[in-house]
Amino acid sequence: MSSSNKGKDVAEGSSRSSSASVAGAGGGSGSGSGSGDLHNHQQQQAPPLSRYESQKRRDWNTFGQYLRNQRPPVALSQCNSNHVLDFLRYLDQFGKTKVHLQGCVFFGQPEPPGPCTCPLRQAWGSLDALIGRLRAAFEENGGLPEANPFASGTIRVYLRDVRDSQAKARGIPYKKKKKKRNPILKPSNHDDNSNFPMQ
């Protein structure tokens, strides 16, 4: 899979697996007994990863590949929030969300009547979910929570700015979902017959 497609999978939250991983997991069809057969047997017994865990692993691998492709390559231990911001901007080229520019006649219209030349970008929700998965993967792969570049304030500010600018440009206001609270019913302190007048 080319690096451009790999970035596309990450940004879109694709659940597609690469043909290389499918081919590699099958093992050989030889009949010899050895450590290879034991390894294949152990692979078959492992429970399949959830969609979330699979996507998190793909995202983590893609981010690692992005760092290795930098000139000069960046070690994961040297990664900071600036590298994460650069990665998010890099992913914009694979976006599918039309974000109207300030001077566009369709700026702020939820359903524009015609096409325009404004760029396609990653949707805020996709980036937010991606950062959540990468934040978890960083710590699962030995990173310290206090050194997590995906949890930095810089990233939160960037995501908030993307959310707000996309809401304005697309004319679709962002509404924070309210948590559902169960109303607490207070038990009555009087009898069922209290509604009736005493005779």
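Let's start with Asp86 and Arg89, whose side chains meet in a salt bridge, at 3.6 Å from N to O. Everything I say today comes from a predicted model, so please keep that in mind. Both residues sit in helix 5, three residues apart, which is about one turn of the helix. And how exposed are they? Asp86 has 37% relative accessibility, so it counts as partly exposed. Arg89, at 44%, counts as partly exposed too.

As a reminder, side chains of opposite charge can pair when their charged atoms come close. By the rule used here, the count comes to five salt bridges.

Now let me show you another pair, Arg133 and Asp59. Their side chains also meet in a salt bridge, this time at 2.4 Å from N to O. Which parts of the chain does this pair link? Distant ones: Arg133 belongs to helix 6 and Asp59 to helix 4, and they are 74 residues apart. The cut-off for buried is under 20% relative accessible area. Arg133 comes out at 11%, so it counts as buried. Asp59 has a relative accessible area of 0%, so that residue is buried as well.

Next on the list is Arg163, which forms a salt bridge with Asp164, their closest N and O atoms being 3.2 Å apart. Arg163 is partly exposed, with a relative accessible area of 21%, and Asp164 counts as partly exposed at 32%. Then there is a small network: Glu53, Lys56 and Glu140 are joined by salt bridges that share partners.

Okay, let's leave the charges and turn to the nonpolar side. The largest nonpolar core has 23 residues, and the members that touch the most others are Phe63, Val84, Phe87, Leu88, Ile131, Leu134 and Phe150. Which elements give two or more residues to this core? They are helix 4, residues 51-68; helix 5, 81-91; helix 6, 124-140; and helix 7, 153-170. Helix 6 provides the largest share, with six residues.

If you have the viewer open, centre it on Phe63. Leaving aside neighbours within four places in sequence, Phe63 is in contact with Leu76, Cys79, His83, Val84, Phe87, Leu134 and Phe150. Among those, Val84, Phe87, Leu134 and Phe150 also appear with Phe63 in the group of core residues that touch the most other members.

That takes us to the packing of helix 4 and helix 5. At what angle do their axes cross? Roughly 105 degrees, and the axes come within 11 Å. The two helices are therefore roughly perpendicular to each other. On the helix 4 side, the residues that meet helix 5 are Thr62, Phe63, Tyr66 and Leu67, and on the helix 5 side we have His83, Val84, Asp86, Phe87 and Tyr90. Sorted by class, this contact has six nonpolar, two polar and one charged residues. Notice our old friend Asp86 there: it takes part in the contact with helix 4 and also in the salt bridge with Arg89.

One last residue before I hand over, and that is Ser81. Its place is in helix 5. Is Ser81 buried or exposed? It is buried, with a relative accessible area of 16%. What does Ser81 touch, not counting residues up to four places away in sequence? The partners are Pro149, Ser152, Thr154 and Ile155.

Thanks, everyone!

Technical notes: Residues numbered from 1 in each chain as written. Predicted model: local features only at pLDDT ≥ 70, side-chain atom pairs only at ≥ 80, totals over all residues. Heavy atoms only, no water. Core = buried A, V, L, I, M, F, W, Y, C linked by side-chain atoms within 4.5 Å. Buried < 20%, exposed > 50% of the residue type's maximum accessible area, 1.4 Å probe, protein only. Helix = DSSP H or I, 4+ residues; strand = E, 2+ residues; numbered from the N terminus. Contact = heavy atoms within 4.5 Å. Axes fitted to C-alpha atoms, helices over the stretch in contact; angles between N-to-C directions. Parallel < 35°, antiparallel > 145°, perpendicular 65-115°, else oblique. Nonpolar A, V, L, I, M, F, W, Y, C, P; charged D, E, K, R; others polar. Salt bridge = Lys/Arg side-chain N within 4 Å of Asp/Glu carboxyl O.
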